[in-house]
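Subject: Handover of a structure and findings

Dear colleague,

Please find below the structure I am handing over to you. My findings follow directly after it.

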Amino acid sequence: MTNLLLIPTISFLLYYASTCSATVYTVGDSSGWDISTDVDSWKNDKTFAIGDTLLFQYSQYHSVSEVTKQNYDGCNTTNVLQRSSNGNTTFTLTGPGDRYFVCGNRLHCLGGMKLHVNLIGNRASSPVGAPEAQPGGNVPPGSSRAINPSSSSFSNVVRMDNLIVVFLGLLVILFGVV
């Protein structure tokens with residue numbers, strides 16, 4: 001009887017572990033978060049979901065701020081929800097709806113250095129946390145662009161906690177213990 005339940009249970013647990021994923025998007029891909037990057041074109045082929053992460057990589061001449069729609073429309077860079085200027089910033093997308101980001105330099109924002117994303121519901125049954133960015137990023141001083149930014153996405157990332165669930169499920173099936 002145990003053998004009859006083993007294959008479907010293992011299949012379910014492996015399926016569960018493989019579907020819990022999120023995507024890390026490097027804003028602007030290889031161009032990074034820069035005044036010369038067309039972020040509107042960059043986002044066109046992307047679908048953002050709860051649990052995904054936006055990674056902004058930029059030089060010392062830029063920053064990134066999350067703002068309200070009104071502040072996004074008017075490029076108001078003084079009243080922000082969150083702000084970072086470390087050159088390598090992540091924002092985890094935690095709820096459905098619209099999110100707005102601008103460069104902290106108002107003239108850059110007015111020049112188009114701003115991003116609006118609309119989040120759909122969960123990509124998987126549970127959101128996945130993002131890897132933490134290292135302070136300072138990989139942008140040399142005086143550079144206006146990110147150099148060798150990381151890949152634009154990591155998809156189907158299996159989290160360690162999902163592997164633990166699979167392992168515990170196997171223990172229960174094989175030995176009847178937890």
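The largest nonpolar core of this predicted model comprises 19 residues. Within this core, the residues with the most contacts are Val27, Trp33, Leu54, Phe56, Phe101 and Leu115. At least two residues each come from α2 (39–43), β2 (48–50), β3 and β8 (114–122). Of these elements, β8 gives the most, with 3 residues. Another core lies apart from this one; it has 6 residues, among them Val67, Cys75, Tyr100 and Cys109. As general background, nonpolar side chains in soluble globular proteins tend to be buried together.

Two members of the second core, Cys75 and Cys109, also form a disulfide, with an S to S distance of 2.1 Å. The count for the model is 1 disulfide. The bond links distant parts of the chain: cysteine 75 sits in the loop between α3 (69–74) and β5, while cysteine 109 belongs to helix α4 (residues 106–110), and the two are 34 residues apart. The torsion about the S-S bond is about -80°, so the disulfide is left-handed. Cysteine 75 is buried at a relative accessible area of 2%, and cysteine 109 is buried at 1%. Cysteine 103, in contrast, is in no disulfide; the nearest cysteine sulfur, that of cysteine 109, is 7.7 Å away. Cysteine 103 is likewise buried, with a relative accessible area of 0%.

I turn next to strand β3 (residues 53–57), which contributes to the largest core. In this strand, 5 of the 5 residues are buried, so β3 is largely enclosed by the rest of the structure. Both of its faces are covered: Thr53, Leu55 and Gln57 lie on one side, Leu54 and Phe56 on the other. In a regular strand, side chains alternate between the two faces of the sheet.

Which strands form the open sheet that includes β3? The order is β1-β3-β6, with mixed pairing among these 3 strands. The edge strands are β1 and β6, each of which pairs on one side only. On average, neighbouring strands of this sheet are turned by 20° against each other, direction ignored. Strand β1 (residues 24–26) runs parallel to β3, with 3 bridges between the two. In this pairing, valine 24 has threonine 53 as its bridge partner, and tyrosine 25 stands opposite leucine 54. Strand β6 (residues 88–92) is antiparallel to β3 and is joined to it by 5 bridges. Threonine 53 faces threonine 92 of β6, in addition to its pairing with valine 24 of β1.

Strand β4 (residues 64–67) has a buried side chain at each position: Val64 and Glu66 point one way, Ser65 and Val67 the other. Of these residues, Val67 is a member of the second core. What are the pairing partners of β4? One is strand β5 (residues 82–84), antiparallel to β4 over 3 bridges. The other named here is strand β7 (residues 97–102), also antiparallel and joined to β4 by 3 bridges. Glutamate 66 takes part in both pairings: it stands opposite glutamine 82 in β5, and its bridge partner in β7 is phenylalanine 101. Phenylalanine 101 is also among the residues with the most contacts in the largest core.

For the overall architecture, the protein has 5 helices and 8 strands. Along the sequence they follow the pattern α-β-α-β-β-β-α-β-β-β-α-β-α. Of the 178 residues, 40% count as buried. Among contacts with a separation of 6 or more, 75% are between residues 24 or more positions apart.

Finally, a note on confidence. The mean pLDDT of the protein is 75, and 58% of the residues reach 70 or more. Residues 12–19 have a pLDDT below 50, and this stretch makes 14 contacts in the model beyond near neighbours in sequence. The pLDDT is also below 50 over residues 130–160, a stretch with 66 such contacts. Where pLDDT is low, the predicted coordinates should not be read in detail.

With kind regards

Terms used
Residues are numbered from 1 along each chain as its sequence is written. This is a predicted model: local features need pLDDT of at least 70, side-chain atom pairs count only at pLDDT 80 or more; totals for chains, interfaces and linings use all residues. Side-chain values use heavy atoms; hydrogens and water are left out. Buried means under 20% relative accessible area, exposed over 50%, partly exposed in between (1.4 Å probe, protein chains only). Helices (H or I, at least four residues) and strands (E, at least two) are DSSP runs, numbered from the N terminus. Two strands pair if DSSP finds at least two bridges between them. A nonpolar core is a set of buried Ala, Val, Leu, Ile, Met, Phe, Trp, Tyr and Cys residues joined through side-chain atoms within 4.5 Å. Axes are lines fitted to C-alpha atoms, for helices over the stretch in contact, and angles run from 0 to 180 degrees between N-to-C directions. A disulfide is a pair of cysteine sulfur atoms within 2.5 Å. pLDDT is the predictor's confidence in each residue, from 0 to 100. Contact means heavy atoms within 4.5 Å.
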